[in-house]
Amino acid sequence: MRKKLLFAFALLGAFFIGCSDSDPADNPLSGSTEAPTDTSATSAAVDTARWTVVIYGNGNGNMDSIVEDVYEQMQPMMESKDVRVYFHYKYGTDSTVVGMEDDDIIKEPFTGRYAEPGQLVSFEMTKDLDLKTIKKNARMAGDSLMLHDPGMLASVLDYAADSLPAKNYVLVFWGHGQGFDFDVDYPGNLHSKPAAIAKSQNMVNAQQTSAAIMYDEWTLDLEKGMQDGLSIYQIKQEIESSKIKHLKGLYIHNCLMGNFETLSEIYPVAEYMIASEHQLGYDGTLILNLVKELYKNNSFQA
């Protein structure tokens, strides 16, 4: 008889869908939460784009080929710096747990071609970029560096503001979401409540997980079937603490995140939001269409 593990990151998220030995503190794109100390690369005059799109993603190793297909299909679109796209993507594990049959764990192999399992790649997409080189400037993050680490998202937005300046900024989350869960989605300052109080308030999973978006399979606890990720409260805090502070568009391309509870927490940080109440299954076309339309329009609404 077949039994399935109901992992929050994958089975509810459906199909989605980006190593140097240097000190990460020298480069926020490799995971530092500090600003770069050497500003020579950004001090030169940089043309201001109409749009800068930041794609902030983390998926499973068995799905990493999907984001790479987006790399390849987006590249020919980048005719000018009128629209600039910056990827900050963490690759998954070398094999993804998708379920169990009897007592055997079912895994699917890593599918990435341009980076290794666990690498965090950070790069601007350009027409002439050699995708085979992005791993050279990547950091091996693995289970030691998460996209939900405090300051990570803010540092990425700061870099975009400094090095890819634009009249308008769009942030795209790209990964697995579960939707709002009363048991686990509440501000971090409540996570340390005594167990008795947490239980009385139906917060029995307080120490297991505290997020509904960007689940990271590197945090997967097989015994509990739980994993950690970015919470709706962190999203708001990180954007407001960045140099951008308020986005023209926030696109949550994660399953089940277009619910009232999520949007009511983060609506102050963006003029427009796109999110889905249902599960998503696709090949990256929606993100490609977003970039294509931004080239055509000055209006995000259009």
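Guide: Before we start, buried here means under 20% relative accessible area, and what you're looking at is a predicted model.

Visitor: OK, how many residues of helix H2 are buried?

Guide: H2 runs over residues 64–74 and is mostly covered. The buried ones are Asp64, Ser65, Ile66, Val67, Glu68, Val70, Tyr71 and Met74. Out of eleven residues in H2, the buried count is eight.

Visitor: Which helix is among the elements covering the buried residues of H2?

Guide: Strands do part of the covering, including E2 (49–58), E3 (83–90), E6 (119–125) and E8 (166–175). The list also includes a helix at residues 285–296, and that's H7.

Visitor: Which element gives the most to the largest nonpolar core?

Guide: That core has 35 residues, and Tyr56, Leu171 and Phe173 are among those touching the most other members. E2, H3 (152–163), E8, H5 (232–241) and E9 (247–253) each supply at least two residues. With six residues, the top contributor is H3.

Visitor: And how many residues are in the other core?

Guide: It lies apart from the 35-residue one. Its members include Trp51, Val67, Val70 and Ile134, and Val67 and Val70 are also on the list of buried H2 residues. The core's size is 33 residues.

Visitor: Is Gly92 buried or exposed?

Guide: Gly92 sits in the loop between E3 and strand E4 (95–101). Beyond its sequence neighbours within four places, its contacts include Gly59, Asp64, Phe110 and Trp218. Its relative accessible area is 0%, and the cut-off is under 20%, so Gly92 is buried.

Visitor: What separates the C-alpha atoms of Gly92 and Phe110?

Guide: Along the chain, these two are 18 residues apart. They're also in contact. The C-alpha separation is 7.5 Å.

Notes
Residues are numbered from 1 along each chain as its sequence is written. This is a predicted model: local features need pLDDT of at least 70, side-chain atom pairs count only at pLDDT 80 or more; totals for chains, interfaces and linings use all residues. Side-chain values use heavy atoms; hydrogens and water are left out. Buried means under 20% relative accessible area, exposed over 50%, partly exposed in between (1.4 Å probe, protein chains only). Helices (H or I, at least four residues) and strands (E, at least two) are DSSP runs, numbered from the N terminus. Contact means heavy atoms within 4.5 Å. A nonpolar core is a set of buried Ala, Val, Leu, Ile, Met, Phe, Trp, Tyr and Cys residues joined through side-chain atoms within 4.5 Å.
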